[in-house]
Amino acid sequence: MFMVELFVLCFILNVGVIHAQIVGIGKCPPVVAQKELDVKEYLGDWYEIYKFKANFEDGQECIKANYLLKEDKHIRVQNEGKTPNGETISIVGDGYAPDENEPAKLLVKFSEAAPYGNYWVVDTDYKTYTLIYSCSEVVDVHFEFSWILAREKSITAEIKNKLFQELEDFKVDTKNFMKTDQTASYCEDK
């Protein structure tokens, strides 16, 4: 039995390393999504300012997301980034809130073959910033993602410090954040 458990744990860790670089032992930190979410105000363009390492974004900067409400009340999620050689990488996914009593606890997926993953809006003012957190647990291992997005290509130090502190209060290690470059010459739309 021990060998089976060891194999499963090794498999889980390998999958986690392939898809996320922030892997931890034990349960997810006790992060809480905000109580309300006005989806219509949330729609539109958001620029990625900070992120936890995510292999699916490797080599990309100038990352932005666009959210559009679909007829079925799901959200069309389009993520787009650019590489230093000017190549645009784009992917379209689907998001929705499975429980109308918890509208900020969204689920998102980017492939028909993939399961939905958590996309929790921890804090947003709709006009300036949004703080997103995702964590999944398998056995005694958890995998974390987090993003800070903004309506403009930068945020003030005051907003950054506020959002980092919010996650730190939930016992999330904000040293995992990496800054996304939105200023490179290839970021400009042509």
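Start at the hairpin: select strands E4 and E5, which form it with 5 residues between them. In the turn, pick Gly 86, whose phi is positive, at about 90°. The model on screen is predicted. Along the hairpin, E4 and E5 run antiparallel and share 8 bridges. To see one pairing in detail, show Arg 76 and look across to E5, where Asp 94 stands opposite.

Next, add strand E6. E5 and E6 also pair in the antiparallel sense, here over 3 bridges. Select Gly 95 and follow its bridge into E6, where the partner is Val 108.

Keep Gly 95 and Val 108 selected, since both appear in the lining of the largest cavity. The structure holds 1 cavity of 30 Å³ or more, and the volume of the largest cavity is about 50 Å³. To outline the cavity, select Tyr 42, Tyr 67, Ile 75, Val 77, Gly 95, Tyr 96, Leu 106, Val 108 and Tyr 119. The elements that contribute two or more residues to this lining are strand E4 (75-82), strand E5 (88-96) and strand E6 (105-109). Colour the lining by residue class: 8 residues are nonpolar, 1 is polar and none is charged.

Now hide everything in the lining but Tyr 42 and Tyr 67. How are the rings of Tyr 42 and Tyr 67 arranged? Their centres are 5.6 Å apart and their planes meet at 25°, under the 30 degrees that counts as stacked, so the pair is stacked. Tyr 42 belongs to helix H2 (residues 39-42) and Tyr 67 to strand E3 (residues 61-69); 25 residues apart, they link distant parts of the chain. Buried or exposed: which describes Tyr 42 and Tyr 67? Both are buried.

Add Trp 46 and Tyr 119 to the view. Ring pairs join these two with Tyr 42 and Tyr 67 in a cluster. In total the structure has 9 aromatic pairs.

For another of the aromatic pairs, go to Phe 145 and Trp 147. This pair is stacked too, with 5.7 Å from centre to centre and 5° between the planes. Phe 145 and Trp 147 are both buried.

Two lysines are worth a stop for what lies beneath them. Select Lys 105 and Trp 120: the lysine lies over the face of the ring, 4.3 Å from the ring centre. Then select Lys 179 and Tyr 50, where the charged end of Lys 179 sits over the tyrosine ring at 5.1 Å from its centre.

Return to Ile 75, Gly 95, Tyr 96 and Leu 106, which are among the residues that line the second largest pocket. This pocket has a volume of about 210 Å³. Complete the selection with Leu 37, Asp 38, Val 39, Lys 40, Leu 69, Lys 73, Ala 97 and Pro 103. Here H2 and E5 are the elements that give two or more residues to the lining. By class, the pocket lining has 8 nonpolar, 1 polar and 3 charged residues.

Finally, zoom out to the whole chain. The protein contains 3 helices and 10 strands. Stepping along the sequence, the order is α-β-α-β-β-β-β-β-β-β-β-α-β. Colour by burial to end the tour: 43% of the 190 residues count as buried.

Definitions and conventions
Residues are numbered from 1 along each chain as its sequence is written. This is a predicted model: local features need pLDDT of at least 70, side-chain atom pairs count only at pLDDT 80 or more; totals for chains, interfaces and linings use all residues. Side-chain values use heavy atoms; hydrogens and water are left out. On a 1 Å grid over the protein atoms alone, a cavity is a set of points where a 1.4 Å probe fits but cannot get out, and a pocket is an open set with protein on both sides within 12 Å along at least five of seven lines; lining residues have an atom within 4 Å of a point. Grid points are joined across faces, edges and corners, and a volume is the space filled by probe spheres set on the points. Helices (H or I, at least four residues) and strands (E, at least two) are DSSP runs, numbered from the N terminus. Ala, Val, Leu, Ile, Met, Phe, Trp, Tyr, Cys and Pro count as nonpolar, Asp, Glu, Lys and Arg as charged, and the others, Gly among them, as polar. Rings of Phe, Tyr and Trp (its six-membered ring) pair if their centres lie within 6.5 Å; planes under 30 degrees apart count as stacked, over 60 as edge-to-face and the rest as tilted. Buried means under 20% relative accessible area, exposed over 50%, partly exposed in between (1.4 Å probe, protein chains only). A charge sits over a ring if NZ of Lys or CZ of Arg is within 6 Å of the ring centre and within 35 degrees of the ring normal. Two strands pair if DSSP finds at least two bridges between them.
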